[in-house]
Amino acid sequence: TSLRTTGGDLALPRVVVKDFNSVVLQSAIDALALWSQEWFLDQNVGTKCASVLGVKIVSTRQIEQMLQRVLLAVQGIISVTASSIFDRAKRNFAYTFTAGLNNGAILTGGSGTPFTVTGGP
């Protein structure tokens with residue numbers, strides 16, 4: 001199969017994801033990976049990590065609430081339980097979460113942990 005059109009242009013195949021769980025999984029990854037004001041097309045899109053990580057006194061509860069807000073904004077996620085560990089001396093944090101999808105599947109993941117979806121139809 002040629003990647004060129006008859007006019008010589010590069011033809012990129014169109015990928016359509018029909019698996020709901022895969023769409024939610026990728027949307028969650030994207031939501032947590034993009035920081036606020038990083039995307040030049042829409043400065044309002046993204047996780048407002050700086051609002052938590054830039055604070056002198058930060059609590060794990062603030063981090064967990066931010067994770068819950070971001071993940072609940074992903075279409076298809078209806079519930080989120082998040083936990084985090086904040087190491088003030090190393091200025092580092094780690095998180096894990098479990099999210100319920102509206103089709104009954106469960107999305108899990110975290111920092112250093114691959115995101116996976118189990119169950120559902």
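1. Start with the order of the pieces: going along the sequence, this protein runs α-α-α-β-β-β-β. That makes three helices and four strands. Keep in mind that you're looking at a predicted model.

2. Next, the inside. Of the protein's 121 residues, 26% are buried. The accessible surface adds up to about 8300 Å², and carbon and sulfur atoms account for 56% of that.

3. Now find the largest nonpolar core, which holds 20 residues. Leu32, Leu71, Ile77, Phe97, Leu107 and Phe115 are the ones with the most contacts inside this core. At least two core residues come from each of α1 (20-33), α3 (60-72), β1 (77-87) and β2 (92-101). Helix α3 gives the largest share, with five residues.

4. Zoom in on Phe97. Skip its neighbours within four places in sequence, and Phe97 still touches a whole list of residues, including Leu32, Leu71, Thr81, Leu107 and Phe115. Both Phe97 and Phe115 are buried.

5. How many aromatic pairs does a search of the whole structure find? Just one. The ring centres of Phe97 and Phe115 sit 5.1 Å apart and the ring planes are at 80 degrees, so this is an edge-to-face pair. Angles over 60 degrees count as edge-to-face.

6. Which parts does that pair tie together? Phe97 belongs to strand β2 and Phe115 to strand β4 (residues 113-118), so the pair links parts 18 residues apart in sequence.

7. One last number on reach along the chain: take the contacts between residues at least 6 apart in sequence, and 31% of them join residues at least 24 apart.

Terms used:
Residues are numbered from 1 along each chain as its sequence is written. This is a predicted model: local features need pLDDT of at least 70, side-chain atom pairs count only at pLDDT 80 or more; totals for chains, interfaces and linings use all residues. Side-chain values use heavy atoms; hydrogens and water are left out. A nonpolar core is a set of buried Ala, Val, Leu, Ile, Met, Phe, Trp, Tyr and Cys residues joined through side-chain atoms within 4.5 Å. Buried means under 20% relative accessible area, exposed over 50%, partly exposed in between (1.4 Å probe, protein chains only). Contact means heavy atoms within 4.5 Å. Rings of Phe, Tyr and Trp (its six-membered ring) pair if their centres lie within 6.5 Å; planes under 30 degrees apart count as stacked, over 60 as edge-to-face and the rest as tilted. Accessible areas come from the Shrake-Rupley method with a 1.4 Å probe; for residues, only the protein chains shown count as cover.
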